[in-house]
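Hi,

Here is the structure I promised to pass on to you. Have a look at it first, and my notes on what turned up follow below.

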Amino acid sequence: MTDKNNVPNVSQKRVKLRRIGVFTSGGDAPGMNAAIRAVTRAAIANKLKVVGIRRGYQGMIEGDFIPLKSADVSGIIQLGGTILKTARSAEFRTPEGREKAWLQLQKADIDAVVVIGGDGSFTGALTMSQEYNISFVGIPGTIDNDMYGTDYTIGYETALNTVVCAVDKIRDTAVSHGRIFLVEVMGREAGLLALNSGIACGAEVILIPESKEQHDELKRFLDKGYKNKERSGIVIVAEGDEPGGALKIAEAVGRDHPDLDVRVSILGHIQRGGSPTANDRINATRMGIAAVDALLDDQKSVMIGLDNGKIVQVPFNKAVKLNHSIDTGLLDIQKMLSM
Ligand code: F6P
């Protein structure tokens, strides 16, 4: 399927939509199942056949496909994880891997695909749609809520509530023992989950990759504010704040303040699981239906987003290249209220 320069031979003729694929890719997020259900049933309502692609792009390469009927997505709206499973595929990042995936899609007569995932997943879809004649529409599904062009990504709200419940419990023991807790939350490159969970938990300090000045705040708190708080405090640390994360920061705090009783709690993958909140289910459902609509309207390489509660379409190249801005004003609010 490629010429001697390894450039794919692509027929530009668009095909009439008959059968679509749907898959989840990258880190799972609560609400992905609600999106799979909505895509499947909206497609069936429009007389399309639906194929579930298992294990993300890796499953696409290997032809790990299952037919999806309405009954197959029954009873899944409340489930965390993804019934289609997910993966991060190194092979798909190679031209050979994408060619295998394209051949599998052709063999299964799949005309267009809905991809539910984050920026890595959409980058893969964009690359493949530029090389081969296949349309992808994306639904943002990641607990990080870091996609440009959408206020919301599926799973973020559930993860936020998971973090808040966990930190509330940690607060109880921090106060009882008079300890400083550094609580690390997910977000490799994005601090939104840390920022908003910190606000919701009344954290004393929030460290996020988007604002390095927050380390001065931590210093101020440890030098002075800590004493006002009857010797306990919660510091929320976004995983991506600095290499080594909360453990590394705790080491430095211990060195500078040997008198303090410091503990670290890394919340980890607990943040990715659990039954999705009502909003995650509702938004996943709206986005799933909008994704099928977009394919029926012959859209290609767009992500479905939410802008002030309204469904929008954002080109993949913008969604993956531009950064999602965060409201750093929230840090001022936190600073004012935590003293
Ligand atoms: O992208 C979602 C996310 O949960 C990030 O917040 C985190 O850094 C990453 O996935 C962890 O990925 P994995 O489960 O592959 O270790």
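Which residue's side chain does Arg-171 meet in a salt bridge? The partner is Glu-204, with an N to O distance of 3.0 Å. Arg-171 belongs to helix α5 (residues 156–177), while Glu-204 sits in the loop between α6 (192–201) and β7 (205–207), so this contact ties together parts that are 33 residues apart in sequence. Glu-204 is buried because its relative accessible area is 5%, which falls under the 20% cut-off. Please keep in mind throughout that this is a predicted model.

**Other salt bridges**

The search of the whole structure came up with 14 salt bridges. One of them joins Glu-131 to Arg-98, where the closest N and O atoms are 2.8 Å apart. This pair also links distant parts of the chain: Glu-131 is in helix α4 (residues 119–131) and Arg-98 in helix α3 (residues 95–107), 33 residues apart. Both ends of this contact, Glu-131 and Arg-98, are buried.

For a local contact, take a look at Lys-219 and Asp-223, whose side chains meet in a salt bridge at 2.9 Å, N to O. The two are four residues apart in helix α7 (residues 214–228), so about one helical turn separates them. Lys-219 counts as exposed because its relative accessible area of 52% is over 50%. Asp-223, at 39%, is partly exposed. There is also a network: Arg-54, Arg-55, Glu-62 and Asp-64 are joined into one by salt bridges that share partners.

**Aromatic pairs**

Next come the rings, and the structure holds four aromatic pairs. In the pair of Phe-23 and Tyr-57, the ring centres are 4.9 Å apart and the planes stand at 70°, so the arrangement is edge-to-face. Phe-23 comes from strand β1 (residues 19–24) and Tyr-57 from helix α2 (residues 56–62), so the pair ties together parts of the chain 34 residues apart in sequence. Both Phe-23 and Tyr-57 are buried.

How are the rings of Phe-122 and Phe-316 arranged, stacked or edge-to-face? Their centres lie 5.0 Å apart and their planes meet at 20°, so this pair is stacked. It links distant parts of the chain, with Phe-122 in helix α4 and Phe-316 in helix α10 (residues 316–321), 194 residues apart. Phe-122 and Phe-316 are both buried.

Helix α4 therefore turns up twice in these notes, because Glu-131 lies in it and Phe-122 does too, each with a partner in another helix.Going back to Phe-23 and Tyr-57, these two form one aromatic cluster with Phe-92.

**The cavity**

Finally, some empty space. The structure holds one cavity of 30 Å³ or more, and the volume of the largest cavity is about 40 Å³. Which residues line the largest cavity? They are Glu-204, Val-205, Gln-214, Glu-217, Phe-221, Gln-334, Lys-335, Ser-338 and Met-339. The elements that give two or more residues to this lining are α7 and α11 (329–338). By class, the lining has three nonpolar, three polar and three charged residues.

Glu-204 is worth a second look in your viewer: it lines the largest cavity and also forms the salt bridge with Arg-171.

Best wishes

Note on methods:
Residues numbered from 1 in each chain as written. Predicted model: local features only at pLDDT ≥ 70, side-chain atom pairs only at ≥ 80, totals over all residues. Heavy atoms only, no water. Salt bridge = Lys/Arg side-chain N within 4 Å of Asp/Glu carboxyl O. Buried < 20%, exposed > 50% of the residue type's maximum accessible area, 1.4 Å probe, protein only. Phe/Tyr/Trp six-rings, centres within 6.5 Å; stacked < 30°, edge-to-face > 60°. 1 Å grid on protein atoms, 1.4 Å probe; cavity = no way out; pocket = protein on both sides within 12 Å on 5 of 7 lines; lining within 4 Å. Points joined across faces, edges and corners; volume = space filled by probe spheres on them. Nonpolar A, V, L, I, M, F, W, Y, C, P; charged D, E, K, R; others polar.
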